[in-house]
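This report describes one protein chain for a reader who is new to structures. Keep the sequence and the 3D view open while reading.

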Amino acid sequence: MRLKPWIALTLTAALLAGCTANSSNNSASEVHAETQANGKSTEILSFKDSPQAPDDRELTIKDSQFKDEDGSITLKQFAQVHEKKQTGNISMTISDVKVMQYKPSPDLIDFFHGFTHEETEFPYVRVNVVVKNNGDKPMHIAPVSEITTNQGETVTWEDDFYLEKLNGELKPGEEKVGSLGFILDETDPEALESLTISSSEVLDGKKDKMADGVEFEVRF
């Protein structure tokens, strides 16, 4: 849902029937309380288009396609997760996960030589995340340290090709919002049922362990 149309509709409804405002606010409060109790977040977040892949932000229907100067993609799996977890002073939210079949443009094929032996077409996972340091000291974490599919394939933070620098230090109060992309060489995206996303441990400035990693189970 886009924010500006939502605000416009709310204001219009208030002008036409002022008496409904309190009812709308009460309903919104109830939904917010319920999602917080379930560890879910419905906050509207904005994730950037990657220079390494086509803009998939409008793709939400399975088998829908998009093409731009980076190549063409087909959405194979999509999960709206909106789940938030806490470990130590670090909070982490998985917003959504997409699995796409990707045919990169000729000028990007060389870029993928170091990531896969199938450079001309391959499936990949995009994970949209939010990670925040709620403490008063710098902390280190890789929000997506490892992904394992239900078909037995595992990829790690070293395989990320979105390169948005989400791993590493978080200053006190710092929040990072971004995406990671991982090519799947041994997984059939059509038959993919679930995957597990694991973060790294939380380390302090001396690289001593402060908290365990967190794990998210994503089902399609």
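A surface patch is built from residues with over 30% relative accessible area and no salt bridge, and like charges are joined within 9 Å. Asp and Glu count as negative. The model examined here is a predicted one.

**A patch of negative charge**

On the surface, a negatively charged patch is formed by E118, E158, D159, D185 and E186. One of these residues, D159, sits in the loop that joins β7 (154-156) to β8 (168-170). Is D159 buried, partly exposed or exposed? The relative accessible area of D159 is 30%, so this residue is partly exposed.

**The chain as a whole**

The chain contains three helices and 13 strands. Of its 220 residues, 43% are buried. Its accessible surface is about 12,300 Å², and carbon and sulfur atoms hold 49% of that area. Consider next the contacts in the chain with a separation of 6 or more: 64% of them join residues 24 or more positions apart.

**Salt bridges**

Side chains of opposite charge can pair when their charged atoms come close. In this model, the count of salt bridges is eight. The table gives three of the pairs, with the N to O distance for each.

| Acidic residue | Basic residue | N to O distance |
|---|---|---|
| D55 | R57 | 2.8 Å |
| E169 | K171 | 3.8 Å |
| E201 | K209 | 3.5 Å |

How accessible are the residues in these pairs? In the pair of D55 and R57, R57 has a relative accessibility of 41% and is therefore partly exposed. In the pair of K171 and E169, K171 is partly exposed because its relative accessible area is 48%. Its partner E169, at 35% relative accessibility, is likewise counted as partly exposed. The pair of E201 and K209 can be described in a similar way. E201 has a relative accessible area of 40%, so it is partly exposed. K209 has a relative accessible area of 44%, which means that K209 is partly exposed too.

Salt bridges can also be joined into a network. Which residues are linked in this way? They are D56, K98 and R126.

**Two residues with positive phi**

Most residues other than glycine have a negative phi. D63 has a positive value, near 75°, and is not a glycine. D63 lies in the loop between α2 (21-37) and β1 (65-68). With a relative accessible area of 44%, D63 is partly exposed.

K207 is another residue to look at here. Its phi is positive, at about 65°, and K207 is not a glycine either. K207 belongs to the loop between β11 (202-203) and β12 (209-211).

**H140 and its contacts**

H140 is part of strand β5, which covers residues 139-141. Its relative accessible area is 17%; buried means under 20%, so H140 is buried. Which residues does H140 touch, if those up to four places away in sequence are not counted? The answer is G168, E169, E201, V202, L203, D204, G205 and K207. Some of these names have appeared above. E169 and E201 each form a salt bridge, E169 with K171 and E201 with K209. K207 is the residue with a phi of about 65°.

**Residues far apart in sequence**

T87 is located in strand β2, residues 71-87. T87 counts as buried because its relative accessibility is 9%. Along the chain, T87 and V202 are 115 residues apart, yet the distance between their C-alpha atoms is 7.7 Å. When neighbours within four places in sequence are left aside, the contacts of T87 are V202, A211, D212 and V214. V202 is thus a residue to find in the 3D view: it is in contact with T87, and H140 touches it as well.

D188 and P123 give another case. How far apart in space are their C-alpha atoms? The distance is 8.2 Å, with the two positions 65 residues apart in sequence. D188 is in the loop between β9 (175-183) and β10 (194-198). At 39% relative accessibility, D188 is partly exposed, whereas T87 is buried.

Technical notes:
Residues are numbered from 1 along each chain as its sequence is written. This is a predicted model: local features need pLDDT of at least 70, side-chain atom pairs count only at pLDDT 80 or more; totals for chains, interfaces and linings use all residues. Side-chain values use heavy atoms; hydrogens and water are left out. Patches are made of residues with over 30% relative accessible area and no salt bridge: like charges are joined within 9 Å, nonpolar side chains (Val, Leu, Ile, Met, Phe, Trp, Tyr) within 5 Å. Accessible areas come from the Shrake-Rupley method with a 1.4 Å probe; for residues, only the protein chains shown count as cover. A salt bridge is a side-chain nitrogen of Lys or Arg within 4 Å of a carboxyl oxygen of Asp or Glu. The place of a charge is taken as NZ of Lys, CZ of Arg, CG of Asp or CD of Glu. Helices (H or I, at least four residues) and strands (E, at least two) are DSSP runs, numbered from the N terminus. Buried means under 20% relative accessible area, exposed over 50%, partly exposed in between (1.4 Å probe, protein chains only). Contact means heavy atoms within 4.5 Å.
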